[in-house]
Amino acid sequence: MKEVKIGDTIRIIRMDDDGGKDLQARMYNGRSGVVQHIDSIGQLHGSWGGLAVVPGVDEFNIL
């Protein structure tokens, strides 16, 4: 997979919902947004909402 950079637009396919326990994560499935920050452990933060996308855990596409 191509490396994600600040400014890339991504579409969240599926966020890990901890076996159905995290109902908020499920609400992010299908959202798109621009990567605004990549933190020190590689989580993606952006305009899709408050939850971070975790590469290797969450499924997403770079648009």
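**Exercise 1. Locate N29 and describe its surroundings.**

Solution. Step 1: N29 sits in the loop that runs between α1 (23-26) and β2 (32-38). Helices (H or I, at least four residues) and strands (E, at least two) are DSSP runs, numbered from the N terminus. This is a predicted model, in which local features need pLDDT of at least 70, side-chain atom pairs count only at pLDDT 80 or more, and totals for chains, interfaces and linings use all residues. Residues are numbered from 1 along each chain as its sequence is written, and side-chain values use heavy atoms, with hydrogens and water left out.

Step 2: the relative accessible area of N29 is 30%, so N29 is partly exposed. Buried means under 20% relative accessible area, exposed over 50%, and partly exposed in between (1.4 Å probe, protein chains only).

Step 3: leaving out residues up to four places away in sequence, N29 touches I12, I13, R14 and M15; contact means heavy atoms within 4.5 Å. The N29 side chain also reaches the backbone nitrogen of M15, at 2.8 Å. A polar contact is a pair of N or O atoms within 3.5 Å; within protein, one must be able to donate a hydrogen and the other to accept it, and residues adjacent in sequence count only if both atoms are side-chain atoms.

Step 4: from C-alpha to C-alpha, N29 and V53 are 11 Å apart in space, and they are 24 residues apart in sequence.

**Exercise 2. Work out the strand order of the sheet and state which strands stand at its edges.**

Solution. Step 1: four strands make an open sheet, ordered β3-β2-β1-β4, with antiparallel pairing. Two strands pair if DSSP finds at least two bridges between them.

Step 2: β3 (44-46) and β4 (59-62) are at the edges; each has a single partner strand, so one side of each lacks a neighbour in the sheet.

Step 3: on average, neighbouring strands of this sheet are turned by 55° against each other, direction ignored. Axes are lines fitted to C-alpha atoms, for helices over the stretch in contact, and angles run from 0 to 180 degrees between N-to-C directions.

Step 4: strand β1 (residues 9-14) is joined to β4 by four bridges, and the two run antiparallel. I12 stands opposite F60 in β4.

**Exercise 3. Identify the salt bridges and the exposure of their residues.**

Solution. Step 1: there are two salt bridges in the structure. A salt bridge is a side-chain nitrogen of Lys or Arg within 4 Å of a carboxyl oxygen of Asp or Glu.

Step 2: one joins the side chains of D8 and K5 (3.5 Å, N to O). D8 counts as buried at 11% relative accessibility, while K5 is partly exposed at 43%.

Step 3: D17 pairs with R26, their closest N and O atoms being 3.1 Å apart. D17 is buried at 13% relative accessibility; R26 is partly exposed at 39%.

**Exercise 4. Describe the partners of D58, found in the loop between β3 and β4.**

Solution. Step 1: D58 is buried yet has no salt bridge, and R14, the nearest side chain of opposite charge, is 5.6 Å away. Lys and Arg count as positive and Asp and Glu as negative; His and the chain ends are not counted.

Step 2: a polar atom of the D58 side chain lies 2.7 Å from the backbone nitrogen of D16. The backbone nitrogen of V54 lies 2.7 Å from a polar atom of this side chain of D58.
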